[in-house]
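Got the model open in your viewer? Let's walk through it one selection at a time.

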Amino acid sequence: MADPPWLMRTYSGHSTAAASNELYRTNLAKGQTGLSIAFDLPTQTGYDPDHPLARGEVGKVGVPVVAPRPHAHAARRHPAREP
């Protein structure tokens with residue numbers, strides 16, 4: 001029995017949910033077979049983007065997420081999400 005093919009992913013996300021969505025679509029079109037969405041540091045530490053401690057870090061190393069809606073926008077209409 002042959003081994004299953006590798007799952008190719010990039011841990012990525014940047015600036016806005018819309019920009020990240022575009023990046024994911026491009027990568028999937030080029031053969032990437034999965035998504036690993038990176039969240040920015042304020043999101044990872046539980047701060048809203050408008051919190052003073054988040055200043056200068058929003059969208060720098062990942063997607064900023066305040067509520068589920070931006071996350072849904074980042075991942076919407078991707079083949080990986082289709083049933």
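Start by colouring the chain by pLDDT, the predictor's confidence in each residue, from 0 to 100. Helix H2 (residues 41-45) has the highest confidence in the protein, with a mean of 89, while helix H3 (residues 68-75) has the lowest, at a mean of 56. Over the protein, pLDDT averages 78, and 72% of the residues score at least 70. Where pLDDT is low, the predicted coordinates should not be read in detail.

A bit of housekeeping before the next click. This is a predicted model, in which local features need pLDDT of at least 70 and side-chain atom pairs count only at pLDDT 80 or more, whereas totals for chains, interfaces and linings use all residues. Residues are numbered from 1 along each chain as its sequence is written, and side-chain values use heavy atoms, with hydrogens and water left out.

Now switch to cartoon view. You should find three helices and two strands, running β-α-β-α-α from the N terminus on. Helices (H or I, at least four residues) and strands (E, at least two) are DSSP runs, numbered from the N terminus.

Turn on the surface next. The protein exposes about 5900 Å² (Shrake-Rupley method, 1.4 Å probe; for residues, only the protein chains shown count as cover). Carbon and sulfur atoms supply 58% of that area. Of the 83 residues, 29% are buried; buried means under 20% relative accessible area, exposed over 50%, and partly exposed in between (1.4 Å probe, protein chains only).

Select residues 17-29, which is helix H1. Its 13 residues should span 18 Å at 1.5 Å a residue (the expected span is 1.5 Å times one less than the number of residues). The end C-alpha atoms of H1 are 18 Å apart, which agrees. Which residues of H1 are buried? Highlight Ala17, Ser20, Asn21, Tyr24, Asn27 and Leu28. Seen down the axis of H1, these buried residues fall within an arc of 130°, so they line one face of the helix; the arc is that of the directions from the helix axis to the C-beta atoms. An α-helix has 3.6 residues a turn, so residues three or four places apart point the same way. On the other side of H1, look for Glu22 and Ala29, which are exposed. Just after H1, click on Gly31, with its positive phi of about 115°.

Keep H1 in view and select Ala17, Tyr24, Leu28, Leu35, Ile37, Val63 and Val65 as sticks: these seven residues make up the largest nonpolar core. H1 supplies the largest share of this core, three residues. A nonpolar core is a set of buried Ala, Val, Leu, Ile, Met, Phe, Trp, Tyr and Cys residues joined through side-chain atoms within 4.5 Å.

On to the strands. Ser12 sits in strand E1 (residues 11-12) and is buried, at a relative accessible area of 8%. What is Ser12 in contact with, leaving aside its neighbours within four places in sequence? Pick out Leu23, Tyr24, Ser36, Ile37 and Ala38, where contact means heavy atoms within 4.5 Å. Draw a C-alpha to C-alpha distance from Ser12 to Leu35 and you get 8.2 Å, for two residues 23 apart in sequence.

Ile37 belongs to strand E2 (residues 36-37) and counts as buried at 16% relative accessibility. Its C-alpha lies 9.9 Å from that of Asn21, 16 residues away in sequence.

Finish with two loops. In the one between H1 and E2, select Thr33, partly exposed at 42%; its C-alpha is 6.3 Å from that of Arg9, 24 residues away in sequence. In the loop between E2 and H2, select Phe39, partly exposed at 26% relative accessibility. Phe39 and Pro64 are 25 residues apart in sequence and 6.0 Å apart in space, C-alpha to C-alpha.
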